[in-house]
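The exercises below ask you to read selected features from a structure and to work through each one in order. Please keep the sequence and the coordinates at hand while you follow the solutions.

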Amino acid sequence: MEEIIKKIKTEVETFVIENANHVEEFRLKFISKKGLVTELFEQLKHLTKEEKQKVGKILNELKQFAEAKFTEAQTNVAASHKKNSQAIDFTLPPVPDKTGNLHPLTLTRNRIIEIFERLGFSVADGPEIEDDWHNFSALNFPPNHPAREMQDTFFIEKNPEILLRTHTSNVQVRLMNQQKPPIRAIMPGRVYRNEAISARAHCFFHQVEGLYVDKNVGFADLKQTLYHFAKEMYGHDTKIRFRPSYFPFTEPSAEIDISCLICKGKGCNVCKHTGWVEIAGSGMVHPNVLRNCGIDPEEYTGFAFGMGIERVTMLRYQVNDLRLYSENDIRFLKQFKTVVS
Ligand code: PHE
């Protein structure tokens, strides 16, 4: 019996424990209920009283020895596991960031929609390839009128009646043809103009136009709506002003400026040292336009406005080169991830 105990002691001593699996193997082999050491205790009952005392003593020592080795190994393995999981290898490449994000123009468009939806405006959509009537003639641009030059566009040689829309006002015409007033809608979308590409101009950009036609809609409604918009969009201390302007489809017409967000009206490069930045065109829908769309201008009046999404986004995020929006450079686009729309 003493021989066996000696042999098992050597086994306990030489058992190599390097990881959690080894710890468990050790436990099962020696000190679990069916382990070798435990089994030896079973065999004590076959011995005489004197032998029992003697062998019991060395067996107890073996048991303590094995248990001590087990506890120590358990602590060591746990500590080295913790150390490994905390160690940071700075030479490894970063974990790839796979979450996508919305384009800054989409973020701005969504925010504009949010503001007008709360005022009861719905969202309308229309074609980008349009005919002359919906883009120009119905909107009171007479053929060959110089106002068409303000919005030079791309015509199709084969059929000069077809063009790429220069503004989303074509959707206003379509809405008024389809629906009876009251009409209260905004129209976000892509538009095209024949312009040389630079930091400030592009051959396509995005607009949101708005239209409200009902009985007794007046200029005060237009003003109040855009006041509300400017404050929601740019902050409550933003100042707003209306400047007389000209559009064939509105009368009277006004250009809308807000106090420069960058210099707070003191004058800087962004506002060309005027303290004001233009954000939208607007006006009361011209009676000819209402008539062209089958609405009686004696019964109904309306206001309309239009703004460029790129321009709004520029002011919002201080991005001052239009080309960045369509170059698809991930380094630019991913910066808008954390911005809440
Ligand atoms: N359609 C005009 C433009 O693109 C903007 C506008 C819309 C102006 C509605 C007045 C009223 O320039």
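**Exercise 1.** In which strand is Pro252 placed, and what is the omega value of the peptide bond that leads from Glu251 to Pro252?

Solution. Pro252 has its place in strand β8, which covers residues 250-259. The model is a predicted one, and in it the peptide bond from Glu251 to Pro252 is cis, with omega near -5 degrees.

**Exercise 2.** Locate Pro182 and Asn140 relative to the helices and strands, and state what the backbone does at each of them.

Solution. Begin with Pro182, which lies in the loop that runs between α7 (169-178) and β5 (183-192). The peptide bond entering this residue, from Pro181 to Pro182, is cis, and its omega is near 5 degrees. Turn next to Asn140, which is found in the loop between α6 (132-135) and β3 (155-156). Although Asn140 is not a glycine, its phi is positive, at about 75 degrees.

**Exercise 3.** Describe the surroundings of the ligand, starting from the pocket and ending with the polar contacts of His167, Ser169 and Glu209.

Solution. As a starting point, the ligand sits in the largest pocket. The shell around the ligand is then sorted by class, which gives 4 nonpolar, 8 polar and 2 charged residues. Looking at the secondary structure, β6 (204-214), β9 (276-285) and β10 (301-308) each contribute at least two residues to this shell, and the largest share, 3 residues, comes from β10. Of the 14 residues around the ligand, those that come nearest are His167, Ser169, Arg193, Gln207 and Glu209.

The distances come next. A side-chain N or O atom of Glu209 is 2.8 Å from a nitrogen atom of the ligand. For His167, a polar side-chain atom lies 3.0 Å from a nitrogen atom of the ligand, and for Ser169 the separation between an N or O atom of the side chain and a ligand nitrogen is 3.2 Å. Taken alone the ligand exposes 320 Å², of which the protein buries 93%.

**Exercise 4.** Into which domains is the protein chain divided, and what distance separates their centres?

Solution. The division gives domain 1, spanning 2-86, and domain 2, spanning 104-333. When the centres of domain 1 and domain 2 are taken over C-alpha atoms, 84 Å separate them.

How values were computed: Residues are numbered from 1 along each chain as its sequence is written. This is a predicted model: local features need pLDDT of at least 70, side-chain atom pairs count only at pLDDT 80 or more; totals for chains, interfaces and linings use all residues. Side-chain values use heavy atoms; hydrogens and water are left out. A residue is near a molecule or strand if one of its heavy atoms lies within 4 Å of it. A polar contact is a pair of N or O atoms within 3.5 Å; within protein, one must be able to donate a hydrogen and the other to accept it, and residues adjacent in sequence count only if both atoms are side-chain atoms. Accessible areas come from the Shrake-Rupley method with a 1.4 Å probe; for residues, only the protein chains shown count as cover. On a 1 Å grid over the protein atoms alone, a cavity is a set of points where a 1.4 Å probe fits but cannot get out, and a pocket is an open set with protein on both sides within 12 Å along at least five of seven lines; lining residues have an atom within 4 Å of a point. A molecule sits in a cavity or pocket if more than half of its atoms lie within 2 Å of its grid points. Helices (H or I, at least four residues) and strands (E, at least two) are DSSP runs, numbered from the N terminus. Ala, Val, Leu, Ile, Met, Phe, Trp, Tyr, Cys and Pro count as nonpolar, Asp, Glu, Lys and Arg as charged, and the others, Gly among them, as polar. Domain bounds come from an automatic or database domain assignment.
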